[in-house]
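User: Please take me through this structure, and state your criteria as you go.

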Amino acid sequence: MSLLFKYCLVGLLIVTVSPAVKADANAPVQPVWMTQAVVRDLVALELSDSQREILQGALGKCLRDIQASVHKITKRGGFGLEKKIKRANKFHWRRFEGAIRPTLSEQQTPIFNRYLRNQIQAIEINLAGKEPLHSIRSN
């Protein structure tokens, strides 16, 4: 019986100390709006410090405004919620784009276009989903 106990103890020790288990336990949780495509495009943009500051501020404001709009529209209820949400989101994305586009170089513009398309797709609101519509946070 003690030999079985020793094997179980050694097996448990190996599992708890293995690098794969530690890597999974410490893996950061990415927000829903940070997909692989979005991260790839952000890295490819090679933004300067001032550009990064403008992008962070404008994106933060855009996401907060989208969240507030979705909450407001769904709270009111009624018909055509998807259309109302898309219209409100389009306004917020255009304002975000208007804030960052003047700071971009010619080489950054096509990458930003791809980034913006991927970012909008990542934030798309799913009315049939189980999560609250006013929440775009990750679990």
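Analyst: Contact means heavy atoms within 4.5 Å. Helices (H or I, at least four residues) and strands (E, at least two) are DSSP runs, numbered from the N terminus. This is a predicted model, in which local features need pLDDT of at least 70 and side-chain atom pairs count only at pLDDT 80 or more, whereas totals for chains, interfaces and linings use all residues. Residues are numbered from 1 along each chain as its sequence is written, and side-chain values use heavy atoms, with hydrogens and water left out.

User: Understood. How many helices and strands does the protein chain have?

Analyst: The protein chain comes to 6 helices and 0 strands. The pattern along the sequence is α-α-α-α-α-α. Of the contacts with a separation of 6 or more, 70% join residues 24 or more positions apart.

User: And how much of the chain counts as buried?

Analyst: Of its 139 residues, 27% count as buried. Buried means under 20% relative accessible area, exposed means over 50%, and partly exposed lies in between (1.4 Å probe, protein chains only).

User: Let's start with α4. What do its buried residues pack against?

Analyst: The buried residues of α4 pack against α3, α5 and α6. Among them are Leu 55, Leu 59, Cys 62, Leu 63, Ile 66 and Val 70, together with polar residues including Gln 51 and Asp 65. Helix α4 has 28 residues and reaches 41 Å from its first C-alpha to its last, close to the 40 Å expected at 1.5 Å a residue. That expected span is 1.5 Å times one less than the number of residues. Just after α4, Gly 77 takes a positive phi of about 75 degrees.

User: Now α5. Which of its residues are buried?

Analyst: Leu 81, Ile 85, Ala 88, Asn 89, His 92, Trp 93, Phe 96 and Ile 100. Viewed down the axis of α5, these buried residues fall within an arc of 135 degrees, so they line one face of the helix. The arc is that of the directions from the helix axis to the C-beta atoms. Lys 83, Lys 86, Arg 87 and Arg 94 are the exposed residues on the face of α5 turned away from its buried side. On the buried side, the packing partners of α5 are α4 (49–76) and α6 (108–123).

User: Where is the largest nonpolar core centred, in terms of contacts?

Analyst: That core has 25 residues, and those with the most contacts inside it are Leu 55, Trp 93, Phe 96, Phe 112 and Tyr 115. Two or more residues each come from α3, α4, α5 and α6, and α4 supplies the largest share, 8 residues. A nonpolar core is a set of buried Ala, Val, Leu, Ile, Met, Phe, Trp, Tyr and Cys residues joined through side-chain atoms within 4.5 Å. Not counting residues up to four places away in sequence, Leu 55 touches Leu 42, Leu 47, Phe 96, Ile 100, Phe 112 and Tyr 115.

User: Several aromatics there. How many aromatic pairs does a search find?

Analyst: A search of the whole structure finds 3 aromatic pairs. In one of them, the rings of Trp 93 and Phe 96 have centres 5.9 Å apart and planes at 80 degrees, so the pair is edge-to-face. Rings of Phe, Tyr and Trp (its six-membered ring) pair if their centres lie within 6.5 Å; planes under 30 degrees apart count as stacked, over 60 as edge-to-face and the rest as tilted. Phe 96 is buried, with a relative accessible area of 2%. Phe 96 also forms a tilted pair with Phe 112, at 6.1 Å centre to centre and 40 degrees between the planes. Phe 96 lies in α5 and Phe 112 in α6, so this pair ties together parts that are 16 residues apart in sequence. Phe 112 counts as buried at 0% relative accessibility. Trp 93, Phe 96, Phe 112 and Tyr 115 form one aromatic cluster.

User: Last topic, α3. Which residues are buried there?

Analyst: In α3 (residues 36–45), Val 38, Asp 41 and Leu 45 are buried. They cover an arc of only 70 degrees around the axis, which puts them on the same side of α3. These buried residues pack against α6.

User: And what does Arg 40 contact?

Analyst: Leaving aside neighbours within four places in sequence, Arg 40 is in contact with Arg 114 and Asn 118. Arg 40 is partly exposed, with a relative accessible area of 46%, whereas Asn 118 counts as buried at 14%. Asn 118 is found in α6, and among the residues that it touches are Ala 37, Val 38 and Asp 41.
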